[in-house]
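Please open the model in a viewer and keep the sequence panel visible. The tour below proceeds by selection, and each stop describes what is found there.

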Amino acid sequence: MTTADEIETMKAAARRHVLAVQSSPLVNGKAGPFLEDLADRCLDDDFHDALKHTAAQHRLDGAADIAALHRLLTDNGVVAERNGVVRFVPDRMGDFLAACRAVHEDEGRLRFWLRQKAFLRPGGAWRKNSGVAQYQVALWWDTAEAMLRKRLDALLSPKHADTHVHFVAELLHRRLVPADDLREKTVGVLHEQLADLRREAGAWRASVATLRELEPEQTADALERLARLRNRDTPSLRRFNAVEVLTEMDPVRGEQCLRLLAGTLTGGRTERLDVAGLIWRQEAALGLHAYRCLAADPDMGDRRLDAARLSGDTALWAGLIGREGTLSDAARLAHLGQLAEADEAEAVRTAERFADSASTETTPVAIARAVRPWDARVALRIAEGVAWPPRRKIAGPVRLEAVHLIGDLVPSRRFSDLARLSREAEDEETQLAAALSIVDQGGPATALHAFAANPKKSRERRLVGARRICEAEPKPGGLLLIDIAKTHRAVDRAGVELLLEALKFAAGPAAEALEKVARDTGRPAELRILAVESGAFDKAKSITLCELIATTTTSDRDLMLKAARKVVGMKKDAGEQLMARLAELFPSDISFQVSLLREAGGRGKGKLRQIGLFAQSADHRLDAAKALVGIDRKFAAEVIDKIVKKRRAGEVRIEAACLLPGEQRLKWLLHVVGDLDTDAVRFEAGRKAVEVDEERGKEALRRFAEDHRVSRRTREEIKAFLGR
């Protein structure tokens with residue numbers, strides 16, 4: 001049918017409708033405009049609402065009787081009800097009448113372009129009623145062909161074609177516009193959409209259906225080309241969709257392409273499996289062929305196993321699980337369990353082959369655990385091959401896991417195999433883990449003791465074993481701790497700390513070892529003191545050891561004093577004697593000697609008196625005096641007398657005088673004020689005297705100020721002080 005044919009047919013039908021109702025008084029001679037307005041309103045409203053509003057708009061006689069008007073239109077074949085919906089007759093008549101209304105309103109080119117400037121613009125409101133728009137194009141074609149062509153070309157541009165190509169194709173298919181270069185452009189756009197592998201499936205099918213209406217032969221050829229694409233990235237699902245449509249159009253070509261597709265699936269692995277399933281549902285034999293091809297394709301990776309399973313070929317499936325080393329062990333192990341559900345005997349046979357071809361050391365043990373419920377003997381053979389490998393080397397932790405499995409399968413071998421592994425394993429970590437496992441499961445500690453006692457093993461792991469033995473057998477564990485402690489250097493604190501830990505489990509031997517530490521002059525004094533502080537010795541031995549430490553640690557005075565003070569704390573007399581002896585060791589360091597003699601108490605007062613009376617340094621004599629004040633006041637007074645009487649000795653005289661109480665202090669301060677010394681010292685002594693006895697002190701300062709040898713500045717200071 002040409003453009004004129006459909007338009008003329010619709011015009012003839014519209015005239016018949018107008019003539020059919022024109023004579024009725026209900027429409028009052030306005031049938032044409034009334035039907036066009038009614039059709040336009042029906043685009044947005046329900047027929048009954050549209051009829052009511054249109055009748056009111058035209059002020060028809062009898063319009064109030066809407067039911068009568070409805071009967072008029074129905075009885076004369078203008079409208080008909082289908083599935084509860086009232087529509088114009090024939091199909092598309094409503095769109096045609098609405099288009100006629102738009103054309104009649106826009107008589108004249110100027111009015112048309114002014115009012116319809118948005119018509120056929122991409123994304124315009126006209127898309128809502130595309131059927132009406134198509135008739136508008138056909139009715140206006142002769143009047144505005146150039147402008148309409150320009151706008152239709154714009155709809156086919158790359159930017160807008162995806163949304164609007166079907167509208168233009170419908171115009172061409174219904175021959176509402178001429179099939180010239182516009183048709184060529186439309187077909188080209190649809191071909192591009194058909195070949196677009198990334199196009200969404202629904203949109204792709206719509207493009208194929210539209211192209212099929214315009215160019216069936218070209219569509220079939222394009223679909224066949226798509227179905228035969230074998231590029232790795234080509235989606236198999238798109239190829240299958242092409243085969244489906246091609247089969248509808250040409251069953252023979254479709255069958256050929258389906259057979260080709262089954263053997264050359266492309267795209268993602270999961271997609272290939274899915275499409276193989278679609279082929280199987282369409283033709284079972286081809287589907288099985290597709291699954292077998294996928295199972296043999298290295299590019300499928302682990303999904304080869306899924307393909308083999310779906311093919312239903314148990315031998316193929318078992319072969320991939322048992323011998324195909326290119327597949328991951330995890331996937332093969334997962335499929336081994338699925339194979340057992342289908343054929344348990346085959347799964348058991350496959351398991352042993354799988355264990356031999358596994359790519360990782362840990363897999364055979366996992367296989368043995370999986371096989372255990374099906375055949376315990378096979379599981380035992382696989383586990384033994386891992387635990388006691390005849391030729392190859394296997395990591396210790398893996399062998400230990402296998403030995404645990406053997407113990408689960410044969411309980412009588414649990415401890416013996418673990419003990420064997422603790423001797424034969426190449427790495428200490430496994431040896432220790434095996435020995436510990438025996439003890440943890442309630443077995444004997446023989447293997448663990450042998451490991452912990454072996455001096456060739458690492459100290460850290462020996463220590464782990466010894467501590468575990470301490471929990472089960474305290475004394476043997478403690479002895480092991482002592483042996484391990486001996487491997488530390490003499491300067492290492494950790495060795496002594498281990499002996500302290502051993503003291504809780506083997507007190508006697510640990511105490512002996514600690515005593516050796518305390519007596520060892522080659523060890524740091526800090527560690528020797530730590531050994532004594534352990535509480536392993538009685539008071540007498542502790543005193544003896546501390547005395548030894550103090551007398552042999554003169555290079556570190558702080559630690560020497562720490563040891564000596566411990567003796568003082570345990571036995572005062574012995575401690576003071578020790579302090580006095582230590583003081584004799586430092587004759588050249590008078591200050592340190594004085595500090596030691598101060599702590600020596602009565603045992604050091606004679607030496608302090610000697611220092612106070614005869615030391616060359618006034619400061620040393622003063623320090624001795626200070627120490628004697630708390631020990632022997634008689635000796636202290638003697639030393640202070642000598643210090644204060646020493647003329648021109650300076651401020652030391654004042655400090656010494658201040659060591660004495662009340663009246664004695666005042667006596668010596670007044671002596672300094674009146675004796676020979678610097679003005680500053682004599683003035684300071686006077687001020688100190690004022691603090692003890694204000695009247696006598698001030699009197700001494702007045703006499704001092706009258707001395708002709710006193711400087712003018714000092715007299716002014718004295719005057720200012722006395723005048724307060």
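Begin with strand β2, which contributes four residues to the lining of the largest pocket, the most of any element. The model is a predicted one, and every stop should be read in that light.

**The largest pocket**

Extend the selection from β2 (85-88) to α2 (31-42), α3 (47-58) and α5 (93-105); these are the elements that each supply two or more residues to the pocket lining. The lining comprises 18 residues, and those nearest the centre of the pocket are C42, V85, V86, R87 and F88. The pocket's volume is about 380 Å³. Colouring the lining by class gives nine nonpolar, six charged and three polar residues.

**H17 in helix α1**

Next, select H17, which is located in helix α1 (residues 3-22). Is H17 buried or exposed? H17 is buried, because its relative accessible area is 8%, and the cut-off for burial is under 20%. Display the side chain of H17 and the backbone of V89: the side chain reaches the backbone oxygen of V89 at 2.5 Å. Apart from residues up to four places away in sequence, H17 touches L35, G77, V78, V89, P90 and M93.

**The largest nonpolar core**

Now turn to the largest nonpolar core, which has 228 residues. Select L73, F88, L120, L152, F167, I279 and L596, the members that touch the most other members. Helix α7 (residues 130-155) provides the largest share of this core, with 10 residues. F88 has appeared before, among the residues nearest the centre of the largest pocket.

Centre the view on F167. Which residues are in contact with F167, once its neighbours within four places in sequence are set aside? They are L120, W126, S130, A133, Q134, L152 and L155.

**Helix α23**

Move to helix α23 (residues 414-424) and show the side chains of D417, L418, A419, L421 and S422, which are its buried residues. In an α-helix, residues three or four places apart point the same way, because there are 3.6 residues a turn. Add α22 (396-409), α24 (428-440) and α25 (446-453) to the display; these helices are among the elements covering the buried residues of α23.

**Helix α35**

The last stop is helix α35 (residues 605-614), where the residues to select are L608, I611, G612 and L613, which are buried. Show α34 (590-600), α36 (618-629) and α37 (633-645) as well, since the buried residues of α35 pack against them.

Key. Residues numbered from 1 in each chain as written. Predicted model: local features only at pLDDT ≥ 70, side-chain atom pairs only at ≥ 80, totals over all residues. Heavy atoms only, no water. Core = buried A, V, L, I, M, F, W, Y, C linked by side-chain atoms within 4.5 Å. Buried < 20%, exposed > 50% of the residue type's maximum accessible area, 1.4 Å probe, protein only. Contact = heavy atoms within 4.5 Å. 1 Å grid on protein atoms, 1.4 Å probe; cavity = no way out; pocket = protein on both sides within 12 Å on 5 of 7 lines; lining within 4 Å. Points joined across faces, edges and corners; volume = space filled by probe spheres on them. Nonpolar A, V, L, I, M, F, W, Y, C, P; charged D, E, K, R; others polar. Polar contact = N/O pair within 3.5 Å; in protein donor to acceptor, adjacent residues only side chain to side chain.
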